[in-house]
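Colleague: Could you pick one part of this model and go over it closely with me? I'd like to hear how its pieces are arranged and what sits against them.

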Amino acid sequence: MAQLTVDIGGSPGVGCRGFCEYCYFKKVRGVQPLGCRYCLPFKKGCDYCTRGVKEEYAGFKDLRSIADETLASLQTRQGEIERITISGGGDPSCYPHFKDLVELLGSTEAPLHIGYTSGKGWDDPAIADLLINNGLTEISFTVFATDPKLRKKYMHDPTPEASLAILERLCGAVDVYAAAVVLPGVNDGKVLEETCRWLQDRGAKGLILMRFANNADQGLILGNGPVMSKQKVQSVESFRDLITDLSKRFTMKISGTPLWDPETGSPFAIRYEPALLAKLPRVTKRASVISGSIATPFINTILTTCGSKVPVVPVKKEIACLITADDLRRIDLAALEPVVIIPGRAFVHDAEAEEILSRDGIDRVVIRGPEMLTADAETSMGMTRDQVLEMEMSGFADLIRLINRYGV
């Protein structure tokens, strides 16, 4: 069975009725190419790390172009289409031909999935029945808070009551995964408890809570911090405790990013499974593994259990896949082995990484690690614990094989 993604185009802040107050695409400036795994070996910069990372599109695609692309994709797929996902740089609810698009995709009789929407573009509650009648089975819906005044103020939703009415109708008919960026002092505390209760009572499958990020070390890599100059930021530990507490008080699944998913134990659930750790390859050579500050202690524990004698090296950046060249420049090179493994999705050009990490006169070989070692909340929300563990077993087995192949 195959899956199909329908890209509608659009850009953050333009194709969504304006930026939300907390949006991490706000204030993005014309940053230079970051470098990434898709760049050519001899050239820093490609479409992904210059335009794609900022989700820059010329605008929404016209309906005919989307129809032609969808038809072409369907003709190349073999077997039954398992799911069609509507996605893009802009918000699907703001797509000007949304009703026609849904009816067009509904005619395929394949289950529809909306990868993300704020609902800000929907002013008529009747849109919920249109979606249901055309095969919608799953939707990720940014709620922020079920208090319409807060939605209006912080999401700039012109019709928050209509958006919430649509969300309520969908909760009773399809799999709804709500999402909210948590702003301490704004939509946490009693407001967040009421949001959880509202969603649970109406049948939402889960709520993904996202810790607000406001500076470069927390993940703003596009020269756009702070997003909100006076907004407090919750510590990682406090955020994890919040997720734990809410999960005990509500039956609806609640998980957080960057930490954590109490139901599956991710990220890095495998550290609680000694029998599975014993099945991983043993580390037989030496190589330095670089990661973000949040993941480092978890990865270090797992690799040490598998026989590694080399501590994992953290950078100040919290999220590993958002590591840039600037983060590598801060590393104490004396702590590095001749072979260094960086996160597979790090925003660094390979040649530049080797230059930075060899500037002490020791020529180091830099290798990209696996794309993913674990599942964050957005990934694990629809996964079982066994599926998370399978992903982690695969990722760590690949990482250890890289250490043993290229290490010294």
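Modeller: Sure, with one bit of bookkeeping up front: two strands pair if DSSP finds at least two bridges between them. Keep in mind too that this is a predicted model.

I'd go for the seven-stranded sheet. It is open, its strands come in the order β1-β2-β3-β4-β5-β6-β7, and the pairing is parallel. The edges are β1 (2–7) and β7 (253–257), and each has just a single partner strand, so one side of each is left without a neighbour in the sheet. Going from one strand to the next, the twist averages 15 degrees.

Let's begin at the β1 edge. β1 and β2 pair in the parallel sense, and six bridges hold that pairing. As one register point, V6 sits opposite I86 of β2. In a regular strand, side chains alternate between the two faces of the sheet. You can follow that along β1: A2, L4 and V6 make up a covered face, while Q3, T5 and D7 make up an uncovered one.

Further along, β5 (residues 175–182) and β6 (residues 206–211) also run parallel, again over six bridges. Here Y177 has G206 of β6 as its bridge partner. Such pairing goes through backbone hydrogen bonds.

Now for the helices on the sheet. Helix α3 packs on it and touches β1, β2 and β3 (112–117), with a direction that makes about 150 degrees with that of β3. Towards the other edge, α7 lies across β5, β6 and β7, running at about 155 degrees to β6.

α7 also has a helix for company. Helix α6 (residues 160–171) packs against helix α7 (residues 189–202) with the axes 8 Å apart and an angle of about 45 degrees. The pair is therefore oblique, as 45 degrees falls outside the roughly parallel range (under 35) and outside the roughly perpendicular one (65 to 115). On the α6 side the contact is made by L164, L167, E168 and C171, and on the α7 side by W198, L199 and R202. Sorted by class, that gives five nonpolar residues, two charged ones and no polar ones.

One more stop, in the loop that follows β2. The structure holds ten aromatic pairs, and one of them is F60 with Y95: the ring centres are 5.4 Å apart and the planes stand at 75 degrees, so the pair is edge-to-face. Y95 sits in the loop between β2 (81–87) and α3 (98–106), whereas F60 is in the loop between α1 (47–50) and α2 (63–76), so to speak a link between distant parts of the chain, 35 residues apart. How do the two compare for burial, buried or partly exposed? F60 has 26% relative accessibility, which makes it partly exposed; Y95, at 3%, counts as buried. Ring pairs also join Y22, F144 and Y154 into a cluster.

To wrap up the sheet: α3 touches β1, β2 and β3, α7 lies across β5, β6 and β7, and α6 packs against α7.

Technical notes. Residues numbered from 1 in each chain as written. Predicted model: local features only at pLDDT ≥ 70, side-chain atom pairs only at ≥ 80, totals over all residues. Heavy atoms only, no water. Axes fitted to C-alpha atoms, helices over the stretch in contact; angles between N-to-C directions. Helix = DSSP H or I, 4+ residues; strand = E, 2+ residues; numbered from the N terminus. Parallel < 35°, antiparallel > 145°, perpendicular 65-115°, else oblique. Contact = heavy atoms within 4.5 Å. Nonpolar A, V, L, I, M, F, W, Y, C, P; charged D, E, K, R; others polar. Phe/Tyr/Trp six-rings, centres within 6.5 Å; stacked < 30°, edge-to-face > 60°. Buried < 20%, exposed > 50% of the residue type's maximum accessible area, 1.4 Å probe, protein only.
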